[in-house]
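User: I would like to go through this model step by step, beginning with how its elements pack and then turning to its charged side chains. Please reason briefly before you give each result.

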Amino acid sequence: MMDPGVFENPLREGLRLELAAEPCVAVIFGASGDLTKRKLVPALYSLAAQNLLAGGFSVVGTARTPMNDEAFRTAMRDAVHRYADAGPIEGAVWESFAAGLFYTPTDTKKPESYKKLAEVLAKIDRERGTAGNRLFYVSTPPSLYSDIIRLLGATGLNRAPNGGWTRIIIEKPFGEDLQSARVLNREVLQVFAEDQVYRIDHYLGKETVQNIMVLRFANGIFEPIWNRRYIDHVQITAAESLGVEDRGGYYEQAGAFRDMIENHLLQVLAHVAMEPVSVLDANAVRDEKTKLVRAIRPILPEEVSRYAVRGQYGEGLAGGEPVEGYRQEKNVSPESNTETYAAVKFIIDNWRWAEVPFYLRSGKRLPKRVTEVAIQFRRAPHLLFKHVASGHLEPNALILRIQPDEGISLNFSAKMPGQAINIRTVRMDFQYGTSFGKRSPEAYERLLLDAMRGDSTLFARGDMVEMAWELTMPILEAWQQPASHFPNYVAGSWGPKEADDFIERDGRRWRRP
C-alpha cells in the first residue's frame with residue numbers, strides 16, 4: 001500500500017518546493033552515539049531554525065544508556081552548540097525545539113522496550129499533535145538492524161495510527177556483502193513496504209551531487225556533449241588526509257572499497273552517467289540510476305587485477321608531522337590485509353558511454369581532503385597551437401567539487417597577454433558560498449527533511465543496493481587473498497605506484513586536485 005504521506009509531486013516547474021515537514025515524531029535508535037550528536041540532532045535543529053519543521057515536531061532518542069528527558073536535552077544542546085551549522089543557538093528557537101526532545105532507554109532485543117516506546121509515541125501524539133506520523137532512524141551497529149526491524153513489526157510500530165505515516169531510515173552499511181544485503185532487504189520488506197524504506201547515503205544530500213542533474217538537464221550547453229563523442233573519461237575522487245583515527249575496528253571489517261566506493265562513489269557515478277528522466281520524481285530518477293548500474297560491465301574474477309588496484313598506507317608525514325602506518329593504528333592487526341586505498345575502472349555498456357572509462361578512487365592519508373568529479377573532454381582533433389602552448393596543454397575538464405569549497409570549475413585554454421601567441425590553461429570557477437551568499441545546508445538536513453516529506457529521490461532503492469553489491473563482489477572476493485606488498489604507499493602521498501601504473505596503462509593519468 002502506498003505510504004499515505006508520500007509527496008507525489010515534490011517539484012513544480014523544475015524547482016523543489018521548500019515546504020515544511022508535517023508534524024511527526026523522529027525516533028532515533030542509537031541516540032547516545034556519535035552520529036546523533038554530530039549530525040542528526042544538529043541537522044534537525046538547523047531545520048527548526050529555518051522554520052522547516054512543524055510546531056509539534058518531536059524527537060525520541062532511544063538507546064541502552066540510562067538517561068532522562070532533561071539529561072538528553074542538555075546533551076543535545078551541547079551537541080548543537082558544537083556541531084550545528086546554522087549559526088549561534090537562538091534562545092527562542094532552542095526552547096521550542098528542546099520542548100520536543102524526549103528520551104526513553106531501550107534494549108533493542110526486548111519486545112517490552114518497544115511496547116514502552118509505543119506508549120511514549122501515543123502520548124506525544126496526544127500532547128503535541130503529531131498525528132501518528134513516525135520516522136524511525138536506525139543509527140546503531142548493523143548487527144542490531146534485524147532485531148530492530150523485526151520487533152518494530154512484531155509490536156505494530158510499522159503501522160501508523162490515526163491515518164498517519166510510518167517510515168524508516170536505515171544507515172549504511174546496508175549489508176557487508178551481496179548475501180547479507182539480500183537478507184536485510186528481505187527482512188525489511190517483510191515488515192515495511194518499499195515506499196516506507198529510506199536507505200540513506202549522505203553523499204546524495206551534498207549540494208554539488210544534487211546539482212549534477214541541474215547542470216546536465218537545465219543547461220543546453222552541457223547535455224549535448226555529455227557522451228562518448230566528446231568525453232574521454234571521468235575521474236571520481238574521494239581523498240582523505242586523515243588516517244582511520246578511532247575507527248580501526250570498523251575499518252578492519254570494511255576497508256576503503258566497502259566504506260566509500262561500493263556505496264558513495266557508485267551513487268555519484270550513477271548521477272553523472274544516468275539518462276535523462278521524462279518526469280522529475282523519485283521513482284523515475286531511481287529507475288534511471290538502476291538502469292545505469294545494470295549497464296556497468298561486470299568484472300570477472302580473473303580480470304580483477306586489470307580493473308582494480310588496492311593499497312595500504314605506511315608511515316609518513318601528514319601536515320608536516322610524522323604519522324604512523326595503518327598497521328600501527330589502534331585496533332588494527334599488525335598483519336592487516338585491509339586496503340586503505342582503492343581504485344577501480346568501470347565501463348558502461350550503453351549507447352551514451354560505450355568504452356568511456358569511469359575511474360573511481362578513494363584513500364586515507366592522502367595529501368588533502370577533497371571529493372570531486374572530473375569530466376575530462378577529448379582533445380581538439382587538430383592541435384593547431386601545439387608549438388606555441390606554454391608548457392603542457394591540458395585537455396578541457398569540468399570539475400564538480402563536492403567537498404570542501406563546493407562548486408564547479410571549467411578548465412580551458414586561453415592566450416596569454418602579449419605580442420606572441422602563448423597559451424596556458426585557465427579556470428572559470430563557480431562557488432556556492434560566494435555566488436549565492438548563503439551557506440549550503442548539511443547533507444543530513446536535506447535528507448531528513450526529504451524523508452519527513454516522503455520524497456525518496458535521494459535515497460537508494462533496494463534493487464540498486466543489491467546490484468551495487470553484485471557488481472563489486474568479484475573485487476572484494478579477490479582481495480580476500482593476502483596482499484604480500486602491504487604497506488605500499490607512504491602516508492601523505494597520492495597512493496601506491498600501482499595506482500599510477502593502473503591508469504597510465506590506458507594512456508591517462510590521475511588528476512592532482
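User: At about what angle to β17 does helix α7 run?

Analyst: This is a predicted model, and in it helix α7, which spans residues 207-217, lies across two strands, β17 (397-403) and β18 (407-415). With respect to β17, the helix runs at about 145°.

User: Which strands are the edge strands of the open sheet?

Analyst: Eight strands form this sheet, in the order β10-β14-β15-β9-β16-β17-β18-β19, and their pairing is mixed. Neighbouring strands are turned by 15° against each other on average, if direction is ignored. An edge strand pairs on one side only, and this holds for β10 (308-311) and β19 (423-431).

User: Which residue in β15 is the bridge partner of V234?

Analyst: Strand β9 covers residues 231-239 and pairs with β15 in the parallel sense, over six bridges. Within this pairing, the β15 partner of V234 is F358.

User: Is D147, which meets K109 in a salt bridge, buried or exposed?

Analyst: The side chains of D147 and K109 meet at 2.7 Å, N to O. The pair links distant parts of the chain, with D147 in helix α5 (residues 145-154) and K109 in the loop between β5 (101-103) and α4 (111-128), 38 residues apart. K109 has a relative accessible area of 51% and is therefore exposed. For D147 the value is 15%, and because buried means under 20%, D147 is buried.

User: How many residues apart in sequence are the parts that E466 and R182 tie together?

Analyst: The side chains of E466 and R182 meet in a salt bridge of 3.7 Å, N to O. E466 lies in helix α13 (residues 462-478) and R182 in helix α6 (residues 178-191), so the parts tied together are separated in sequence by 284 residues.

User: What is the relative accessible area of E355, the salt-bridge partner of R297?

Analyst: R297 and E355 meet through their side chains at 3.1 Å, N to O. R297 sits in the loop between α9 (282-295) and α10 (304-307), whereas E355 sits in the loop between β14 (341-347) and β15 (357-363). R297 is partly exposed, at 24%, while E355 is exposed, with a relative accessible area of 51%.

User: How many salt bridges does a search of the whole structure find?

Analyst: Some salt bridges share partners, and in this way R216, E223, E275 and R352 are joined into one network. Over the whole structure, the search finds a total of 28.

Notes
Residues are numbered from 1 along each chain as its sequence is written. This is a predicted model: local features need pLDDT of at least 70, side-chain atom pairs count only at pLDDT 80 or more; totals for chains, interfaces and linings use all residues. Side-chain values use heavy atoms; hydrogens and water are left out. A salt bridge is a side-chain nitrogen of Lys or Arg within 4 Å of a carboxyl oxygen of Asp or Glu. Helices (H or I, at least four residues) and strands (E, at least two) are DSSP runs, numbered from the N terminus. Buried means under 20% relative accessible area, exposed over 50%, partly exposed in between (1.4 Å probe, protein chains only). Two strands pair if DSSP finds at least two bridges between them. Axes are lines fitted to C-alpha atoms, for helices over the stretch in contact, and angles run from 0 to 180 degrees between N-to-C directions. Contact means heavy atoms within 4.5 Å.
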